[in-house]
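Visitor: Could you walk me through this one? I'd like to hear what stands behind the labels.

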Amino acid sequence: MTGFGGGVGESGCMCGALTGAVTALNMITGRTSCSTGREEAYRRANEFISLFKDRYGASCCRALNHYPFETREHLTNCLKITGNTAKLLMDFIIENKLYDPDQI
């Protein structure tokens with residue numbers, strides 16, 4: 001998942017932390033076969049993206065982190081966003097009961 005950094009491959013687009021969170025979320029809500037519907041995974045991804053945007057005001061890396069890439073300020077801000085996104089995702093998973101506590 002290293003390539004998610006810098007807004008996916010340093011493109012400055014979708015925040016890598018958000019992309020990673022949706023990837024992790026799809027490990028829980030994603031399809032397990034091509035005959036299964038996509039609706040729940042799409043709905044949950046959209047719900048989480050909306051939650052992220054409500055918190056940060058954007059989903060685009062360059063809008064979230066205006067510091068020059070790889071500078072100390074950029075890395076510090078990115079670490080805060082990444083850590084807080086992981087917590088936001090865990091809270092989302094717990095609040096929506098998307099896990100089996102017996103498997104943790």
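Visitor: What makes M90, I94 and Y99 a nonpolar patch on the surface?
Guide: Patches take residues with over 30% relative accessible area and no salt bridge (a side-chain nitrogen of Lys or Arg within 4 Å of a carboxyl oxygen of Asp or Glu), and nonpolar side chains (Val, Leu, Ile, Met, Phe, Trp, Tyr) are joined within 5 Å, like charges within 9 Å. M90, I94 and Y99 form such a patch, with about 250 Å² of accessible area together (Shrake-Rupley method, 1.4 Å probe, only the protein chains shown counting as cover). Mind that this is a predicted model: local features need pLDDT of at least 70, side-chain atom pairs 80 or more, while totals for chains, interfaces and linings use all residues. Residues are numbered from 1 along each chain as its sequence is written, and side-chain values use heavy atoms, without hydrogens and water.

Visitor: Why is M90 called partly exposed?
Guide: Buried means under 20% relative accessible area and exposed over 50%, with partly exposed in between (1.4 Å probe, protein chains only). M90 has 38%, so partly exposed it is.

Visitor: Where does M90 sit, and which residues there are buried?
Guide: M90 is in helix α4, a DSSP run of H or I with at least four residues, numbered from the N terminus. The buried residues of α4 are H74, I81, T85, L88, L89, F92 and I93. Their cover includes α1 (16-29), α2 (39-56) and α3 (61-64), by contacts, meaning heavy atoms within 4.5 Å.

Visitor: How do you know that the span of α4 is close to the expected one?
Guide: The expected span is 1.5 Å times one less than the number of residues. With 24 residues (72-95), α4 reaches 34 Å from its first C-alpha to its last, close to the 34 Å expected.

Terms used. Helix = DSSP H or I, 4+ residues; strand = E, 2+ residues; numbered from the N terminus.
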